[in-house]
Amino acid sequence: MTTAKLQCIACQQDFPLWELRYECGCGGLLEVAHSVKGKSELKDLVEQRLLSRKPWDRSGVWRFREAVVPLETSELVTHQEGQTGLYDIDTLQDWTGCPGLLLKHEGENPSGSFKDRGMTAAVSAAKKLGMNRLACASTGNTSSSLAAYAARAGAQALVFLPAGKVSLGKMAQTLGYGAQALAIRGDFDDAMRIVRELALAGEVYMVNSLNPFRIEGQKTIIWELLQDLEWNPPDWIVVPGGNLGNTSAFGKAIEEAYQWGWIKKKPRLAVIQASGANPFFTSFQAGFKNLVAMQAETIATAIRIGNPVNYQRAKQAIERTQGLVAAVDDASILAAKAAIDRAGVGCEPASAATLAGLKELIRSGVVCKTQRVVAILTGHMLKDTDAIFASQTLQSHEVDANATAIRSLLAALR
Ligand code: F0G
């Protein structure tokens, strides 16, 4: 039904799918180019698989396997990722001023973030390639995800983290799943530079989103939400941007779904950055002339990235979907997070950038109130508990262990 190869996004040179390679000789990034025969049959097959009980059909990634990475089901390293909920939450529709808002919560993935969708693909590919020493740079979610999937594959996970800048929850997961952690005296961009160097020298297999298989897995966030909307696309999809892997994956997923006739119109992408880590926003404002790397700083540690490696792909994604890039400050991110948490949904700070950005886009009239919008929440609330405890409005009281003391406390609180 499908064949696939690696292709340079800059000069279009082809390489075999299973050649170990991250970049083209011209310096361009690589992507998996699929040739799909029976495009509508594939869409029907994906519908039928919703009734299956097989783990690879229940996975929200491998349900689409022919158009993700063509592997045998026996070759997949899966935790049944994906299958995340699409929520219609009136309090958050009111808060953003967007009645047509739906939220897709990628924090419901096995390790608590969307990274699992890319990681199942990258680690399955690593196994196919016979690579046993897997590495990533990370602000904490990629490392947690790699640790979980490497454990499942019986491979070694080496994670490069900015020392002192990873939340406790992410650090605990990464170590608990058995990864070897290297705390770099530097930031995420330094860690990324080192992993890239080691990978190009053949010393480790890199599973950051420079790895084309990561992008393939993350495409399924879009396909799954389109399937849940019965292939009737929203007007906008809003997502936070850091290293821009998701932005790239979303652009590719939308383009393929459109080219293959799965959808009749393309949703527009709105990428939201933190204003202290906004090189993509600055470049967008200057007509995408170039990317100027910056020293990044934001409360949303997951997107504290000043030199996003997927810039080329992400720029294409914005151009092809007539998308936009916006930036929001940390105070707006925390206000959005508080609203999301109080709605009983919860997310980590980086995810909350989506609603902070959407609220601003609605206020300024860029997104119309009548439009249908899907906002992606990328990580679980428990990923960053410090950001919860920083809130001024938490209600917790220590009290003597008897009903009388409790009654008088409750009366005083009223
Ligand atoms: N949201 C969360 C919760 C993230 O962890 C990340 C990235 C992003 C958004 C940004 O996604 O990089 O595809 O633009 N986290 C990476 C990590 C960098 O190492 O966990 P992106």
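In the predicted model, the ligand is surrounded by 20 residues, of which Ser138, Thr139, Asn141, Gly242 and Thr378 come nearest. Polar contacts to the ligand involve both side chains and backbone. An N or O atom in the side chain of asparagine 141 lies 2.7 Å from an oxygen atom of the ligand. For threonine 378, an N or O atom of the side chain is placed 2.7 Å from a nitrogen atom of the ligand. Leucine 244 contributes through a polar backbone atom, at 2.8 Å from a ligand oxygen. The ligand taken alone exposes 480 Å², and 99% of that area is buried by the protein.

Leucine 244 is part of the loop between strand 10 (236–240) and helix 10. Its phi is near 70°, a positive value in a residue other than glycine. The relative accessible area of leucine 244 is 3%, so the residue is classed as buried. A positive phi also occurs at glutamine 322, which is not a glycine either; the value there is about 50°. Glutamine 322 is located in the loop that links helix 12 to strand 12 (324–328). With a relative accessibility of 58%, glutamine 322 counts as exposed, because the threshold for that class is over 50%.

Helix 10 spans residues 245–259 and includes lysine 252. Lysine 252 has a relative accessibility of 7% and therefore counts as buried, the limit for this class being under 20%. Leaving aside residues up to four places away in sequence, the contacts of lysine 252 are Glu31, Val32, His34, Ile215, Glu216 and Lys219.

Alanine 317 belongs to helix 12, which covers residues 311–320. At 3% relative accessibility, alanine 317 is likewise assigned to the buried class. Its C-alpha atom is separated by 4.2 Å from that of glycine 251, although the two residues are 66 positions apart along the chain. Gly251 is also among the residues touched by alanine 317, together with Thr247, Ser248 and Leu269, when residues up to four places away in sequence are not counted.

On the surface, a nonpolar patch is formed by Val399, Ile406, Leu410 and Leu413, with a combined accessible area of about 320 Å². Leucine 413 is a residue of helix 16, which comprises residues 403–413. The relative accessible area of leucine 413 is 42%, which means that the residue is partly exposed, as this value falls between the 20% and 50% limits.

Technical notes: Residues are numbered from 1 along each chain as its sequence is written. This is a predicted model: local features need pLDDT of at least 70, side-chain atom pairs count only at pLDDT 80 or more; totals for chains, interfaces and linings use all residues. Side-chain values use heavy atoms; hydrogens and water are left out. Helices (H or I, at least four residues) and strands (E, at least two) are DSSP runs, numbered from the N terminus. Buried means under 20% relative accessible area, exposed over 50%, partly exposed in between (1.4 Å probe, protein chains only). Contact means heavy atoms within 4.5 Å. Patches are made of residues with over 30% relative accessible area and no salt bridge: like charges are joined within 9 Å, nonpolar side chains (Val, Leu, Ile, Met, Phe, Trp, Tyr) within 5 Å. Accessible areas come from the Shrake-Rupley method with a 1.4 Å probe; for residues, only the protein chains shown count as cover. A salt bridge is a side-chain nitrogen of Lys or Arg within 4 Å of a carboxyl oxygen of Asp or Glu. A residue is near a molecule or strand if one of its heavy atoms lies within 4 Å of it. A polar contact is a pair of N or O atoms within 3.5 Å; within protein, one must be able to donate a hydrogen and the other to accept it, and residues adjacent in sequence count only if both atoms are side-chain atoms.
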